[in-house]
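The following note is offered for the file on this entry. Its points are numbered for ease of reply.

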Amino acid sequence: MNPIVGRKAELAAWEKILAGSLDGVWLIAIAAEPGLGKTRILTEYRRSAEQAGLTVGFAQAAEGDSATPFAVLTEALDPIATRSAGDMNGQGSPLSSPLRLPESHQAPDASHPAELPRAGATHSVIGGLLEQFAVSSGMALLLDDLHWSDAQTIDFLAYLARRPVRGRVAMCVTYRPHQASNRLLTVIDALAKSGEARKITLGPLTEANIRSLDTRDTPDGELRRRYAASLGNPLYFGVLAAEAGDETHSHARAQIGTELESLPSFALQVAGGAAVLGTDFDPALLPAVLDLSDSEVGAGLDELVRRDIIRQSGTDRLTFRHEVVREAVYHSIGPAGRHTAHTRAARAMRTMGSPAELWAHHLTHTARIGDHVAIRVLLRAALAVRPRAPMAAAEWYSAALRLLPDGDADRARRARLTLAQAETLLEAGLLVQSRSAFSEAMALLRPHAHILRTRAVLGAARVAQYSGLYDEADAMLERELSSASTAHSPTLQVELAATRAAKGDFPAARESAESVAAAINSRRAVPSPSIHAVLAFSFTADGCLDEGLAHARAAGWAIDAMSDAELAVQLHALLWTVQADMCAGRYALALRRAARGSSLALATGSDYLRARLLTGQGAAARMLGALKESRSHLDEALGIAELSGTGHLVATILTELSSVADWQGDVTEASELAERAVVLAGGEGSWTAVRAGSALGYAQLAANQPRRCVALVTAAAGGADLPLIERPARALWYELLTRAALADDDADGARQWTDRALGSLCQSPSTAAAAFAALAESHTLLAAGDPRAAVVGAHTAVDGFKQAGNRMEGARARLALGRALAANDSRQSAIDELRIAKDDFARSGALRLEDEVTLELRRLGVKVPRTGGRGQSGSGLEALSRREREVAEHVARGLTNREVAAWMYLSEKTVERHLSSIFTKLGVRSRVAVALAFSPAQITQRDTTSSGGGALNAEF
């Protein structure tokens, strides 16, 4: 039996009843869709009640019970009544007479007064039996699937819940709301409203819950796909897992099969016709599909609705409860039956004048090779759905290609259809399939088909670029551009610039961009938004900010002026515009445009571009200080990217998530995410690999590994000059390397990194780049003992980040300003700046940085209340062992792991293990948070001089 997951609250509700001491009836009513686990919960209720020593009556109502009075109660209580017959009256079951009534017995009704005493007497007998067990040992009555129950049992439920009872009766009933009678729903709602019952409606499981049901270490992307398809229902998840070959979930498939086998034959026939029409269908088509009368179809539909196989969907449509149920019904029909039904459906819908996209799928099951009428219908369907559902369009193109005869006569048409299929597969984000289709199309195209060949090469190069195969894309475009027919194709030239920019070869990208710009100017042509967007990023990334911004503005104006329909086919251009905005530090613009683009990508089914644009949203939101929003966008992007199987895109998203985790204070997660990104990014030199390696280095500084930080960043970026990082971003990394050098007590190294930061600024640097350089200089000047000059540098950085709209870096600059002001004996000004920084970090959710500011404020004598949830409670400190407490105290004073190890005569590895345990027990994620767990008085005063004689920083 599978473990119960995601139902802690439901189990706790029952345990609370069992642990109670008050007499009376305690009722829980659980409503749940099929497959959500109500029966499994009830089974667990039974087990815990038996362990508690209660007498347990358990029964599951069946479909026929609705015609038999008190059927489910009799099944639940007769066994225990029979066992106790001698104690009751010595004559067998006391329930045999009142509950086993003639089949003609009907529910009590006010219009038949003679029956009311009879029902009342039955209620009293059953109630008396329950009370006897309640008094002696406690009673648990558990009734499953009460939607099948008879009216008399439902009336007794209301009677018992309101009846004073000596002893304690713990009771639970379950039911399916879609199949429950109005009588049952009314009784449950009335009891819940009056407080005489607790109603629990089971919802879907979370993705984390569903993951725990996986037994085969399924890849994340596939698990997310199954979760989305299952709608969080463990039964449907099990069916999908079984279909993928996981036999541990075969019981789920059998459960659906058992449900279908219980259907009457006439209802199953109607269900089969409906399954052929689709999950959501028009019932008016069923008579033609099944060759049945309206009344026969109506009877079948009524039964299917009663069984909750299908449900109402809108005014004149019906839908299957879930696609898994429809699939099971569909496959229960024989091949011949399916073929006949599809043929009739296609004929009926064509006669009705239905759009091609609504009935084309029937042709895929019935048409034969050479059926040109069917091919035309499939192509009309593909063209109709492509703007909003490229995946479906690709399927129609594929179906049309299967029907197209082989042979030279149809080669040109096959080439065009294969190219269209490849483009729709690319739009849908299916890169592997798209790559194969583009290759096939290029092999089929005639030499003189220049326009089609340009489309094919452009698409194939873009697939290679999206897959991280930059050299392949570059070579393909160069080869094509060298031919006379396409030598002056601006489309291919722009794609070459884009490929080189994506690769991280910014000088080459700029060179290609300049060639395109010159060619366009010579012809006095108007560049497209796509050309402007790629030129914007290429120029900006190579440090030509003025030219880059000019193209970015042109692309932005054109894109912002487009309607949604126009922009939906220009999402690639929008993506490059967003990247140019990010590179130039225009984060608010990037966020707005990326948000619009991701919404359009969702509407058009362009999953790959949606993931890229969501990543842009996440990156922009992070820079603007909205870390929670950033994480949400990035998590969504990651789910899409993992399904696509595109390692480079996953690596890009993991890199961004690493930065978010670092700022949120989870240093371990930041490192782990960056490490995964480095592996997925593959070879050295690509922009993705550079950013992943640099992010891993960034995470090392927060983990108190400054030398490793420097080594990783410089290795990823191609050396100390950081040639592989785009020019506008180099100052950011030099500022990081400055901090790393200072953390390693390398003042000379810090000065060198600062000089490089200042030297990286081109003639027209971005505001953000200048701010990073100023911040690096402020760090160096403060360490060199010149706090007054450090204040000036920090002020410049604060102003620059404010102008750039970068809240997070602005708050970090204020932290540096506060430290510089404190060192310059401007205590109150320092406190004011630090408080602003603390508020900014708190609003953003940057816990680690907020903790750093708090520590600075306390050093200035400001009392800052400890916030909950980070382990600052006394109980947390009390949980530490003596050795852990000693390590924690040293960390609170600011000692490094190496210094703690030297002081305590331990290895650094042992200190790391102690620190990991300390983090867990205190519920914190950083060394600063460990320091905040102590008040100054709590730290034992020790002589903190290292064995090497150097004075360690014991200031708190």
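1. Gln579 makes contacts with Phe537, Arg612 and Trp687, leaving aside residues up to four places away in sequence. The model is a predicted one, and the contacts of Gln579 should be read in that light. Gln579 belongs to helix H30, which spans residues 571-583.

2. Is Gln579 buried or exposed? Its relative accessible area is 15%. Because buried means under 20% relative accessible area, Gln579 counts as buried.

3. Two cysteines may be considered under the same heading of accessibility. Cys172 has a relative accessibility of 0% and is therefore classed as buried. Cys544 has a relative accessible area of 9%, so Cys544 is buried as well.

4. How many disulfides does the structure hold? The number is zero. A disulfide is a covalent bond between the sulfur atoms of two cysteines; no such pair is present in this predicted model.

5. The remaining points concern helix packing. Two packed helices are described by the angle between their axes and the distance between the axes. For helix H22 (residues 431-444) and helix H23 (residues 450-466), the axes come within 9 Å and cross at roughly 150°. Because angles over 145 degrees count as roughly antiparallel, H22 and H23 are roughly antiparallel to each other. Their crossing is left-handed.

6. On the H22 side, the contact is made by Leu431, Ser434, Arg435, Phe438 and Met442. H23 contributes Arg453, Arg455, Ala456, Val457, Gly459, Ala460, Val463, Ala464 and Tyr466. Sorted by class, the contact of H22 with H23 comprises nine nonpolar, two polar and three charged residues.

7. A second helix pair is formed by H37 (residues 706-716) and H38 (residues 727-743), whose axes come within 8 Å and cross at roughly 150°. H37 is therefore roughly antiparallel to H38. The crossing of H37 and H38 is left-handed.

8. Which residues of H37 meet H38? They are Pro706, Cys709, Val710, Val713 and Thr714, and their partners in H38 are Trp733, Leu736, Leu737, Ala740 and Ala743. By class, the contact of H37 with H38 holds nine nonpolar residues and one polar residue, with no charged residues.

Note on methods
Residues are numbered from 1 along each chain as its sequence is written. This is a predicted model: local features need pLDDT of at least 70, side-chain atom pairs count only at pLDDT 80 or more; totals for chains, interfaces and linings use all residues. Side-chain values use heavy atoms; hydrogens and water are left out. A disulfide is a pair of cysteine sulfur atoms within 2.5 Å. Buried means under 20% relative accessible area, exposed over 50%, partly exposed in between (1.4 Å probe, protein chains only). Helices (H or I, at least four residues) and strands (E, at least two) are DSSP runs, numbered from the N terminus. Contact means heavy atoms within 4.5 Å. Axes are lines fitted to C-alpha atoms, for helices over the stretch in contact, and angles run from 0 to 180 degrees between N-to-C directions. Angles under 35 degrees count as roughly parallel, over 145 as roughly antiparallel, 65 to 115 as roughly perpendicular and the rest as oblique. A crossing is left-handed if the near helix is turned anticlockwise from the far one by less than a right angle, and right-handed if clockwise. Ala, Val, Leu, Ile, Met, Phe, Trp, Tyr, Cys and Pro count as nonpolar, Asp, Glu, Lys and Arg as charged, and the others, Gly among them, as polar.
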